[in-house]
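Trainee: I should like to learn how strands, helices and pockets are read from a coordinate model. May we work through one case together?

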Amino acid sequence: MPRASSVDRVAIVGLGLIGSSIARAIGERLPEVAVVGHDASAEVRKVANELGLCDTIADDPVAAVANADLVILAVPVGRMADAAVAIAPGLKPEAIISDVGSSKAGVAEALAKALPDHAVIPAHPVAGTENSGPAAGFSTLFEGRWCIVTPGAGASEDAVTAVTSFWQALGAKVETMDAAHHDMVLAVTSHLPHLIAYTIVGTASELEEVTESEVIKYSAGGFRDFTRIAASDPVMWRDVFLANKGAVLATLQRFNEDLTVLQQAIRRGDADKLEDWFTRTRAIRRSIIEQGQDDAAPDFGRKH
Ligand code: NAP
């Protein structure tokens with residue numbers, strides 16, 4: 001297993017789903033690495049203590065990062081700047097700062113501004129669930145999943161290597177990408193799907209002709225698969241859409257055009273158009289399974 005050799009002490013700021021999963025994965029895969037955790041919420045710190053997530057839970061962000069070789073900010077995207085400002089006085093000069101934010105360009109800019117004298121290497125593990133909080137995390141969350149690292153121009157190669165090795169040690173596959181390109185890719189693969197799910201679930205619950213109890217009763221027809229995504233953390237997703245506004249709006253424009261094409265095909269009875277489209281999308285699902293990014297079991301492996 002690759003070892004992040006320069007990293008003996010990690011500080012995790014934000015102990016929700018992602019932060020607590022990182023702590024658990026370090027405990028299992030890098031037991032020799034010391035982990036200090038901090039969260040702004042006293043309740044989260046209490047739960048993290050009870051769960052034994054870290055070697056130490058610090059009440060104070062400055063104390064949390066003292067002597068850390070690598071600091072990972074695992075707070076909502078809109079809180080990254082505040083979190084960076086709060087840890088700044090406690091960082092040792094050679095500490096590497098990274099994050100796990102779901103959008104990258106804005107976060108990279110905010111972190112570089114808050115920590116101008118430190119190596120800032122942003123990253124995004126493309127792994128998660130619809131749950132949040134310290135109890136929702138699990139140690140295998142990153143296994144076989146991609147982590148996208150987005151170093152800025154002039155980033156230290158040693159620091160990029162340390163962050164890359166760290167994520168590989170947690171079981172992730174790492175790809176390096178420009179932050180703006182990351183934001184466009186994720187707008188398509190994650191942010192737009194979440195927006196669509198939030199829309200459909202909201203729309204269905206407000207229809208006049210169909211009651212909410214009917215929507216719930218007959219949800220196995222497809223609706224329930226959208227509800228998993230639409231149950232995702234409201235604060236996290238509010239911040240993602242505000243932070244990745246440009247790429248999301250560009251992708252949404254394209255989606256609206258394609259939706260109009262399908263709308264026309266249905267209205268005109270264009271069977272070929274519909275069949276061609278659905279055949280192409282089915283092939284995409286097959287590719288995802290072939291590349292190990294989902295299970296081949298029908299209906300996501302649900303028991304019937
Ligand atoms: P989460 O479960 O809600 O945890 C975030 C934690 O950070 C909360 O306990 C929150 O406390 C705390 N926090 C907020 N501001 C803070 C600050 N300034 N200092 C210290 N702690 C602070 O969220 P999550 O799902 O782990 O997401 C964390 C980050 O990972 C986000 O940037 C998100 O975009 C990214 N991400 C999420 C997923 C996913 O599927 N969930 C996947 C990949 C990446 P309060 O609740 O009291 O504010």
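Mentor: The following exchange takes up strands, crossovers, a helix and a pocket in turn. Please keep in mind that this is a predicted model.

Trainee: Let us begin with strand β5. Which way do the residues of β5 point, and are they buried or exposed?

Mentor: The general idea is that side chains in a regular strand alternate between the two faces of the sheet. In the present case, β5 spans residues 96-99, with I96 and S98 directed one way and I97 and D99 the other way. Residues on both faces of β5 are buried.

Trainee: Which strands are joined to β5 by bridges?

Mentor: Strand β4, residues 70-73, runs parallel to β5 and is joined to it by four bridges. One pair to locate is L73 of β4 with D99 of β5. Strand β6, residues 119-120, also runs parallel to β5, with two bridges between them. Here I96 has A119 of β6 as its bridge partner.

Trainee: What kind of unit do β4, helix α4 and β5 make?

Mentor: The handedness of a crossover is read by following the path from one strand over the helix to the next. For β4, α4 (residues 80-87) and β5, the result is a right-handed β-α-β unit.

Trainee: Where may I practise that reading on another pair of strands?

Mentor: Take β8 (residues 146-149) and β9 (residues 173-176), which are parallel and joined by four bridges. W146 is paired with K173 of β9. Between β8 and β9 the chain passes through helix α6, residues 157-169, in a right-handed β-α-β crossover.

Trainee: Turning to helices, which residues of α5 are buried?

Mentor: The buried residues of α5 are V107, A108 and L111. These residues lie on the same side of α5, because they cover an arc of only 100 degrees around the axis. E109 and K113 are exposed on the other side of α5.

Trainee: How many residues line the second largest pocket, and which lie closest to its centre?

Mentor: Begin with the volume: the second largest pocket holds about 230 Å³ of space. Its lining has 18 residues, and those closest to the centre are A112, V120, P151, G152 and A153. The elements contributing two or more residues to this lining are α5, residues 105-114, and β6.

Trainee: What is the composition of that lining by class?

Mentor: The lining of the second largest pocket comprises twelve nonpolar, five polar and one charged residues.

Key: Residues numbered from 1 in each chain as written. Predicted model: local features only at pLDDT ≥ 70, side-chain atom pairs only at ≥ 80, totals over all residues. Heavy atoms only, no water. Buried < 20%, exposed > 50% of the residue type's maximum accessible area, 1.4 Å probe, protein only. Pairing = 2+ DSSP bridges. 1 Å grid on protein atoms, 1.4 Å probe; cavity = no way out; pocket = protein on both sides within 12 Å on 5 of 7 lines; lining within 4 Å. Points joined across faces, edges and corners; volume = space filled by probe spheres on them. Nonpolar A, V, L, I, M, F, W, Y, C, P; charged D, E, K, R; others polar. Arc of directions from axis to C-beta.
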